[in-house]
Amino acid sequence: MTTPLPGPDCTTMTEVRAGVDALDRELVALLARRFAYMDAAARIKPERGHVRDEARKAQVIANARAAAEALGLPGAVIADLWEQLVEASIAYELASFDRR
């Protein structure tokens with residue numbers, strides 16, 4: 001498998017799609033790493049009620065927004081994505097907690 005071109009170097013949609021597909025595989029691998037931390041949190045937290053932490057959720061989303069804006073990305077869009085990611089992570093952690 002060849003390394004995809006950086007976005008600015010792409011001149012065809014085939015190159016763009018190859019780059020997006022490769023990046024999506026990397027993102028899924030990173031999400032697997034993130035969800036492994038949710039498994040750890042479920043193992044460490046003493047009570048199911050400790051899974052949802054609204055203050056921490058707000059902090060994570062604010063951190064993502066700030067990092068996005070520092071890179072010139074739309075903060076509101078990234079905050080919306082992170083809202084979904086954090087909620088999915090909480091649901092995953094609750095399920096992991098219930099399996100223990």
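**Exercise 1. Find what Ser96 touches beyond its sequence neighbours, and decide whether Ser96 is buried or exposed.**

*Solution.* Start with the contacts: once neighbours within four places in sequence are set aside, Ser96 is in contact with Asp39 and Ala42. The model you are looking at is a predicted one. Next, place the residue: Ser96 sits in helix H3. Now turn to accessibility. The cut-off for buried is under 20% relative accessible area. Ser96 has 11% relative accessibility, so Ser96 counts as buried.

**Exercise 2. Do the same for Ile78: which residues does Ile78 touch, and is Ile78 buried or exposed?**

*Solution.* Ile78 also belongs to helix H3. Leaving out residues up to four places away in sequence, Ile78 touches Ala64, Ala68 and Leu73. Its relative accessible area is 14%, so Ile78 is buried. To get a feel for distance, try Lys45 as a partner: Ile78 and Lys45 are separated by 33 residues in sequence and by 28 Å in space, C-alpha to C-alpha.

**Exercise 3. Describe helix H3: what is its span, which residues are buried, and what covers them?**

*Solution.* First, the span. H3 covers residues 75-99, which is 25 residues. From first C-alpha to last, H3 reaches 35 Å, close to the 36 Å expected at 1.5 Å a residue.

Second, the buried positions. Among them are Gly75, Ala79, Leu85, Val86, Ile90 and Phe97. Glu93 is also on the list of buried residues, as is Ser89. Ile78 and Ser96, met above, belong there too.

Third, the cover. It includes helix H1 (13-44) and helix H2 (54-70).

**Exercise 4. Work out the overall build of the chain: which elements does it have, and is it compact or spread out?**

*Solution.* Begin by counting elements: there are three helices and zero strands. Read from the N terminus, the order is α-α-α. The radius of gyration is 17 Å, well over the 13 Å that the globule rule gives for 100 residues, so the chain is more spread out than a compact globule. Along the principal axes, the C-alpha atoms fill a box of roughly 55 × 30 × 15 Å.

Then look at packing. Of the 100 residues, 23% count as buried. Among contacts with a separation of 6 or more, 69% come from residues 24 or more positions apart.

Finish with the surface and charges. The chain exposes about 7200 Å², of which carbon and sulfur atoms supply 62%. Its 13 positive and 15 negative charges have mean positions 6 Å apart.

Definitions and conventions: Residues numbered from 1 in each chain as written. Predicted model: local features only at pLDDT ≥ 70, side-chain atom pairs only at ≥ 80, totals over all residues. Heavy atoms only, no water. Helix = DSSP H or I, 4+ residues; strand = E, 2+ residues; numbered from the N terminus. Expected span 1.5 Å × (residues − 1). Buried < 20%, exposed > 50% of the residue type's maximum accessible area, 1.4 Å probe, protein only. Contact = heavy atoms within 4.5 Å. Rg over C-alpha atoms; globule rule 2.2 N^0.38 Å. Areas by Shrake-Rupley, 256 points an atom, 1.4 Å probe, with all protein chains shown as cover. Lys, Arg positive; Asp, Glu negative; His and termini not counted. Charge placed at Lys NZ, Arg CZ, Asp CG, Glu CD.
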